[in-house]
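Biologist: Hello! I am new to this one, so could you show it to me and take me through it step by step?

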Amino acid sequence: MAFFEQIGKHLTDAGQNVSQQTKNLAEITRLNSTISEKEKKISELYLKAGQSYYERHKSDTSATEQALIDEINSLHSEISQCREKVKQIKGVTKCSNCGADIPVNVAFCSACGAKVVNTEVAESKEEGELICAACGKAVSKGNLFCNHCGAKIDSQQE
């Protein structure tokens with residue numbers, strides 16, 4: 001019987017060892033997860049500190065990190081230019097009243113209802129075309145009605 005008792009003791013010891021290793025692995029995984037979460041939080045705080053510093057010193061020419069600030073300002077300018085090009089390609093502009101994106105060929109803003117001043121109209125007027133009093137669109141001289149809204153064009157209009 002001693003033989004079976006020794007085998008039982010070895011199996012029990014092995015089971016306890018595996019159980020302890022499983023507990024250790026679970027604890028290590030939990031601790032590594034906690035470390036990862038705290039490192040992520042530190043990175044977020046570094047980012048906020050950097051953004052806060054930039055916001056406070058973006059116009060300060062004597063700032064400690066002036067080269068970085070200048071590079072950020074330059075990148076912001078390039079992003080703004082790219083966004084404007086995207087709007088041109090998409091055929092949208094900003095409403096001068098509320099700032100909403102609207103198609104370039106509309107007479108009124110769909111967000112606030114304000115009348116849209118079309119820059120193309122001003123250019124056309126310089127070329128000698130008339131402006132429709134109802135919708136503000138360019139109308140060729142000699143037309144009796146606006147091609148955009150159908151309003152009657154006053155022949156005395158300049």
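Biologist: Thanks! How many helices and strands does the protein have, and in what order do the elements run?

Modeller: Happy to help, and please keep in mind that this is a predicted model. The protein has 3 helices and 4 strands. Read from the N terminus on, the order is α-α-β-β-α-β-β.

Biologist: What percentage of the residues is buried?

Modeller: Here, buried means under 20% relative accessible area. The protein has 158 residues, and the buried share of them is 16%.

Biologist: How much surface does the protein expose?

Modeller: Carbon and sulfur atoms supply 56% of the exposed surface. The total for the protein is about 12,500 Å².

Biologist: Is Leu 11 buried or exposed?

Modeller: Let's start with its place: Leu 11 is found in helix α1, which covers residues 2-57. On the surface, Leu 11 forms a nonpolar patch with Phe 3, Phe 4 and Ile 7, and together they have about 460 Å² of accessible area. A residue counts as exposed over 50% relative accessible area. Leu 11 has 60%, so Leu 11 is exposed.

Biologist: And how many disulfides does the count come to?

Modeller: A disulfide needs two cysteine sulfur atoms within 2.5 Å. Take Cys 112, which is partly exposed with a relative accessible area of 33%. The nearest cysteine sulfur to that of Cys 112 belongs to Cys 95 and is 3.8 Å away, and Cys 112 is in no disulfide. By this rule, the count for disulfides comes to 0.

Methods:
Residues are numbered from 1 along each chain as its sequence is written. This is a predicted model: local features need pLDDT of at least 70, side-chain atom pairs count only at pLDDT 80 or more; totals for chains, interfaces and linings use all residues. Side-chain values use heavy atoms; hydrogens and water are left out. Helices (H or I, at least four residues) and strands (E, at least two) are DSSP runs, numbered from the N terminus. Buried means under 20% relative accessible area, exposed over 50%, partly exposed in between (1.4 Å probe, protein chains only). Accessible areas come from the Shrake-Rupley method with a 1.4 Å probe; for residues, only the protein chains shown count as cover. Patches are made of residues with over 30% relative accessible area and no salt bridge: like charges are joined within 9 Å, nonpolar side chains (Val, Leu, Ile, Met, Phe, Trp, Tyr) within 5 Å. A salt bridge is a side-chain nitrogen of Lys or Arg within 4 Å of a carboxyl oxygen of Asp or Glu.
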